[in-house]
Amino acid sequence: MKARRHGLVNAVAGVAAATTIGVFLAGCGGSSLSSGGSGSGGDAATAATIGFLVPKSGVYAPLGTDMENGFRLYLKQKGEKLGGKTITLKVVDEGAGPDTGVPAGQALARDADVKAVAGVVNSAVALGLRDAFQEAKKPLIVANAGADAISGERSSDYMWRTSFSNGECGASLGKYVASQLKGASAYLMAPDYAAGKEAVTGFEQAFKAAGGTVAGTQLTPFGTTTNFQPYLAAARNSGAKAIFAFYAGSEAVTFVKQYNELGMSTDLPLYGSGFLTEGGVLAAQGKSAVGIMTSLNYSNQLDTATNKTFVEDYTKAYGSAPTVYSVTAYDAAAVLDKALTQGVGGDQIVAGLKAIGTIDSPRGQWKFSEKHGAAQAYYLRKVVEKDGQLVNSVIGDLAKL
Ligand code: BEZ
């Protein structure tokens with residue numbers, strides 16, 4: 001089944017129906033939503049089943065669609081093979097958070113047909129799955145969730161990440177914002193769960209180290225906040241001269257629109273981790289997002305030959321430009337392609353992952369760090385209108401982390 005990227009508004013409108021499916025699937029122990037082949041694990045020498053765990057419901061459902069599209073594009077380009085083995089992709093719903101995502105992922109860890117699993121949007125889900133994959137000795141390729149501990153104190157031989165760390169993403173912007181504020185303070189905002197807290201902490205440490213001061217921090221209830229106005233009013237009353245925020249998916253749309261409705265962009269510029277204005281989120285925010293500056297390990301505006309080809313191929317396949325979520329999942333398929341040449345046993349795949357050197361990606365070159373995170377560049381991006389469309393224009397390199 002070829003997944004098409006939905007506009008964010010459509011995806012959000014479909015949440016009620018998708019939630020029903022997600023709950024049913026979780027109750028069945030994480031059944032397959034779709035498969036790209038015979039449906040069995042197949043002959044280990046010539047075929048393998050790979051699990052793919054992404055949200056089909058909740059505020060992060062559109063991110064899951066982009067990730068599935070990115071992974072499937074790579075498969076298509078390689079004749080549906082990774083490491084020379086024909087791949088059956090077993091797509092399972094992560095749901096809205098750990099209550100659904102952890103049991104669904106544990107079922108994939110136990111499933112003897114599934115040789116490795118990729119995906120996982122939510123940090124709390126990834127952290128909740130770490131031990132199940134370690135015990136099953138099965139590789140989990142985290143293609144989004146940015147929890148710092150995944151490539152830190154909770155690292156495992158069976159957990160590898162192709163995306164970013166939330167703390168690093170926030171930290172990469174700290175020095176730049178401090179240089180813009182010249183001693184004035186910033187107000188920090190994020191959803192109240194692992195990813196938001198880490199992004200804010202990473203930013204705060206780097207910002208303060210560069211001379212910045214913080215006027216206040218607001219953590220908003222995750223996945224349920226629809227009215228950000230009281231929190232934004234607190235930011236305005238704090239005396240801060242800028243806001244740093246981490247929001248993604250439909251929360252990012254609501255947050256930015258309300259920021260704009262309150263007319264805050266003139267006196268309180270908004271900076272954030274790049275998810276704030278990424279992909280379908282940016283299209284749904286429309287002109288409210290113009291001028292917002294973010295940091296991320298990718299923009300589809302990157303001016304490199306590898307990225308231009310990728311953007312062209314992806315746009316042809318799905319009718320819209322790729323996002324960071326598409327790229328990190330595309331790269332998850334790329335690293336599995338290399339690793340599966342070693343065999344389909346958990347330890348064979350891990351040996352293959354350990355042997356991977358530099359990965360030539362649409363985001364630029366990167367490699368796995370010692371604790372299996374992504375060592376890579378972060379870019380400074382600004383939302384501008386280009387040829388009648390809003391894009392995250394790359395205006396500089398921030399740091400290689
Ligand atoms: C996370 O939970 O780590 C996350 C979710 C969405 C975007 C970025 C990070």
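This note sets out, point by point, what a predicted model shows about the fold, two helices, a few loop residues, and the internal and surface spaces of the protein.

1. Overall make-up. The protein has 401 residues, and 56% of them count as buried. Its secondary structure comprises 13 helices and 16 strands. Taking contacts between residues at least 6 apart in sequence, 70% join residues at least 24 apart.

2. Helix H7, length and burial. H7 covers residues 194–209, and its 16 residues should span 22 Å at 1.5 Å a residue; the end C-alpha atoms are 22 Å apart, so the model agrees with the expected value. The buried residues of this helix are Ala 195, Gly 196, Glu 198, Ala 199, Val 200, Gly 202, Phe 203, Glu 204 and Phe 207. Two glutamates, Glu 198 and Glu 204, are thus on the buried list.

3. Helix H7, surroundings. The cover over the buried residues of H7 includes both helices and strands. Among the helices are H5 (123–136) and H6, and among the strands are E7, E8 (213–220), E9 (242–245) and E10 (270–273). Just after H7 comes Gly 211, with a positive phi of about 100°.

4. Ala 184. This residue sits in the loop that runs from helix H6 (166–181) to strand E7 (185–191). Its relative accessibility is 22%, and because buried means under 20%, Ala 184 counts as partly exposed. Leaving aside residues up to four places away in sequence, Ala 184 touches Phe 207, Thr 213 and Lys 241. Phe 207 is one of the buried residues of H7. Gly 211, the residue with positive phi after H7, is 27 residues from Ala 184 in sequence, with a C-alpha to C-alpha distance of 9.4 Å.

5. Helix H11, length and sidedness. H11 runs over residues 305–318; at 1.5 Å a residue its 14 residues should span 20 Å, and the end C-alpha atoms are 20 Å apart, which agrees. Its buried residues are Asn 307, Phe 310, Val 311, Tyr 314, Ala 317 and Tyr 318. They lie on the same side of H11, because the arc they cover around the axis is only 135°. An α-helix has 3.6 residues a turn, so residues three or four places apart point the same way. On the other side of H11, the exposed residues are Ala 305, Glu 312 and Lys 316.

6. Helix H11, surroundings. Helix H3 (61–77) and helix H12 (324–339) are included in what covers the buried residues of H11. Gly 319 follows H11 and has a positive phi, near 80°.

7. Positive phi outside glycine. Most residues other than glycine have a negative phi. Two residues are worth checking against that background. Glu 80, in the loop between H3 and strand E2 (81–82), has a positive phi of about 65°. It counts as partly exposed because its relative accessibility is 34%. His 372 lies in the loop between strand E13 (364–368) and strand E14 (374–375), and its phi is also positive, near 75°. With a relative accessible area of 8%, His 372 is buried.

8. Cavities. The model holds two cavities of 30 Å³ or more. The largest cavity has a volume of about 90 Å³. Its lining consists of 15 residues, and those nearest its centre are Val 121, Asn 144, Phe 164, Tyr 193 and Phe 246. By class, eleven of the lining residues are nonpolar and four are polar, with no charged residues.

9. Largest pocket. The volume of the largest pocket is about 550 Å³. It is lined by 25 residues, with Asn 300, Ala 321, Gln 389, Leu 390 and Val 391 nearest its centre. Helix H10 (280–285), H11, strand E15 (377–386) and strand E16 (389–400) each supply at least two residues of this lining. E16 gives the most, with four residues. The lining has eight nonpolar, ten polar and seven charged residues. The largest cavity, by comparison, has no charged residues in its lining.

Technical notes
Residues are numbered from 1 along each chain as its sequence is written. This is a predicted model: local features need pLDDT of at least 70, side-chain atom pairs count only at pLDDT 80 or more; totals for chains, interfaces and linings use all residues. Side-chain values use heavy atoms; hydrogens and water are left out. On a 1 Å grid over the protein atoms alone, a cavity is a set of points where a 1.4 Å probe fits but cannot get out, and a pocket is an open set with protein on both sides within 12 Å along at least five of seven lines; lining residues have an atom within 4 Å of a point. Grid points are joined across faces, edges and corners, and a volume is the space filled by probe spheres set on the points. Ala, Val, Leu, Ile, Met, Phe, Trp, Tyr, Cys and Pro count as nonpolar, Asp, Glu, Lys and Arg as charged, and the others, Gly among them, as polar. Buried means under 20% relative accessible area, exposed over 50%, partly exposed in between (1.4 Å probe, protein chains only). Contact means heavy atoms within 4.5 Å. The expected span of a helix is 1.5 Å times one less than its number of residues. The arc is that of the directions from the helix axis to the C-beta atoms.
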